[in-house]
Amino acid sequence: MKLLKRLFKIVLAFIGVMVITAIITILVDSQKTSYLHVNKNEPTFNDSYLITNANIIPMHKDTVLKNKMVHIKKGIITKIADTINVDNVKIFSANNKYLMPGLIDMHVHVWDKYELGLYLANGVTTVRNLWGMPMHMRIKNDIVNNAIFSPLFFTTGPKLTGSEFIGDDNLNLTSPNEAKKKVISYKNRGYDFIKTYYGLDKNIFDAVIEQAEISGMDIVAHPSQKVPFSYHLHPQIKSIEHAEEIVQQPLQFKLDTVKLKPIINSISISKHTSYCPTITVFNNIYQMMINDSILDSESLNYINPLIRKVDSKNQFNRWFNAKQNDSTVVSRIKNQHDFHLTIVKKLHEAGVNIICGTDAGIGVTVPGFSIHKELKFYKEAGLTNYEVLKTATANVSTTHKIMKALGTIEEGKIANLLVLDNNPLISLSTLENPTYVFIKGRKLNRATLKRFKEKAKGRKNLMASALRYLENLILKK
């Protein structure tokens, strides 16, 4: 009996030490992102400005409004005019630079707070996170309470799949009743959207859609192969993800423009449906296949170390082995990427609302930086610069009602703004290095944005990230 008591005390002590170690690890990592904290005693706390001498690209129409003033009060645009007279407000001269809405990435996977700074440094002032975890609720709470500098943050709950699609990143549903309970639970926990994924059969999918409508939650769909592709055009589903899913499901991997036409037509008829192509993440498969040293590239130092060690490495090994076994796979991937550009072109020509998304945060798709690559692909697909910019600004405001105050420079909109040296309607590359970023009216200068990048590069938070992921595995149910 004494031996059992002693063994119990040893186990209890070990558990205690592990818990304390975990808490300390999380606290230390949190302290390392204190550079994102909003300090009431610093100039960056101010969220009211009178911007003068601005060349405004409003994004609700293709124009430049020369030499305008913009009044921001408590993070909201209250007036735009040639002349504005207002007392007791800090004046900021844009010095005839260009003022446009902040960029929006509609498909990301956030793993830590460092990434929030990376997004801001790249002009991304709003993200839609599509793999919700408990840590995202804490991040969201900090943002809502103006405790940290961050893009506006919207997130789905955990990915809902059928019972067959096993994986620790999925929530496997086995019945319609369970599906409804999960939707209700995610609503109560504070998630913004529902994400549906592979393997949902009709009965379970119907239950998700029915409860999402009752609970007032938009659905973001990674198409399920268990239902027809057209099934994802239901009014409760506000966006469909990945151009590659059109190739894989309705086209069955046949790069056929004739068969593509009726699919595009069906999407265009569904006026509530937005499409998020995520061209970059698929193109990065091709980049991994043609660059055997990609895992050593400097850009990967900006990816969360746990993801780099596990997901980046696994994806690289998968595609490296694929090309070793079949030399034609490289050209097939490249051809499919090129076909994705055709899909974007056809979607645009058909009037489909295209929203920019990168799938950043997985594989070798780097948070923040990747949006510039995504936008260049849309340009390559044949969109004008204005049309490209709309995918990451104005188009978003029509996708979800809770995001309608974003995407354009108009009175009543949230003051998420970029100040740019050059006109992005002429050169998209100017987006890569904004002079200033306004986030909810708070102004961040180029030196601050550069610091955000430096702090995120080569960060050492693998254990803290692993603990947060472990928390998700325990609590996602």
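## A tour from a buried cysteine to the largest pocket

Start by selecting Cys 276: at 0% relative accessibility, this residue counts as buried (buried means under 20% relative accessible area, exposed over 50%, and partly exposed in between, with a 1.4 Å probe and protein chains only). Before moving on, note that this is a predicted model, in which local features need pLDDT of at least 70 and side-chain atom pairs count only at pLDDT 80 or more, while totals for chains, interfaces and linings use all residues. Residues are numbered from 1 along each chain as its sequence is written, and side-chain values use heavy atoms, with hydrogens and water left out.

**Stop 1: the cysteines**

Keep Cys 276 selected and add Cys 356. Cys 356 is buried too, at 0% relative accessibility. Why is there no bond from Cys 276 to Cys 356? The sulfur of Cys 356 is the closest cysteine sulfur to that of Cys 276, but at 7.0 Å it is too far for a bond. The search works in reverse as well: starting from Cys 356, the closest cysteine sulfur is in Cys 276. With a disulfide taken as a pair of cysteine sulfur atoms within 2.5 Å, the count for this model is 0.

**Stop 2: helix α3 and its cover**

Next, select residues 134–144, which form helix α3. Helices here are DSSP runs of H or I with at least four residues, strands are runs of E with at least two, and both are numbered from the N terminus. Colour Pro 134, Met 135, His 136, Met 137, Ile 139, Lys 140 and Ile 143, the buried residues of α3. Now show what covers them: the cover includes α2 (114–121), β7 (124–129), β8 (152–155), α4 (176–189) and α14 (462–475). Following α3 is Asn 146, with a positive phi near 55°.

**Stop 3: asparagines with positive phi**

Most residues other than glycine have a negative phi. With that in mind, go to Asn 88, whose phi is positive, near 55°. Asn 88 sits in the loop between β3 (76–81) and β4 (90–93) and is exposed, with a relative accessible area of 84%. Then step along to Asn 95, in the loop between β4 and β5 (98–101). Asn 95 is not a glycine, yet its phi is positive at about 55°; this residue is exposed, with a relative accessible area of 55%.

**Stop 4: Thr 196 in β11**

Select Thr 196, found in strand β11 (residues 194–196). Is Thr 196 buried or exposed? At 1% relative accessibility, Thr 196 is buried. Leaving aside neighbours within four places in sequence, the contacts of Thr 196 (heavy atoms within 4.5 Å) are with Leu 160, Phe 205, Val 208, Ile 219, Val 220, Ala 221 and His 222.

**Stop 5: Met 403 in its loop**

Jump to Met 403, in the loop between α12 (385–391) and β16 (417–420). Although it sits in a loop, Met 403 counts as buried, at 0% relative accessibility. Which residues does Met 403 touch? Not counting residues up to four places away in sequence, they are Ile 104, Met 106, Thr 126, Phe 154, Phe 193, Val 396 and Ser 397. If you want a distance to draw, link the C-alpha atoms of Met 403 and Gly 157: these residues are 246 apart along the chain, and the atoms are separated by 17 Å.

**Stop 6: the strands β16, β17 and β18**

Follow the chain into β16, which pairs with β17 (residues 436–439) in the antiparallel sense over 3 bridges; strands pair if DSSP finds at least two bridges between them. β17 also pairs antiparallel with β18 (residues 442–445), over 4 bridges. Centre on Phe 438 in β17: Leu 417 stands opposite this residue, while in β18 its bridge partner is Lys 443. Another pairing to show is Tyr 436 with Asn 445 of β18. The hairpin of β17 and β18 has 2 residues between the strands, and in it Lys 440 takes a positive phi near 50°.

**Stop 7: the largest pocket**

Finish by selecting Tyr 197, Asp 311, Gln 315, Arg 318 and Ile 362, which lie nearest the centre of the largest pocket among its 33 lining residues. Some terms for this stop: on a 1 Å grid over the protein atoms alone, a pocket is an open set of points where a 1.4 Å probe fits, with protein on both sides within 12 Å along at least five of seven lines, and lining residues have an atom within 4 Å of a point. The pocket holds about 1,000 Å³ of space, a volume being the space filled by probe spheres set on the points. Show α6 (244–248), α8 (279–290), α9 (305–325) and α10 (329–349), each of which supplies at least two lining residues. α9 gives the largest share, 8 residues. Colour the lining by class and you will find 16 nonpolar, 8 polar and 9 charged residues, where Ala, Val, Leu, Ile, Met, Phe, Trp, Tyr, Cys and Pro count as nonpolar, Asp, Glu, Lys and Arg as charged, and the others, Gly among them, as polar.
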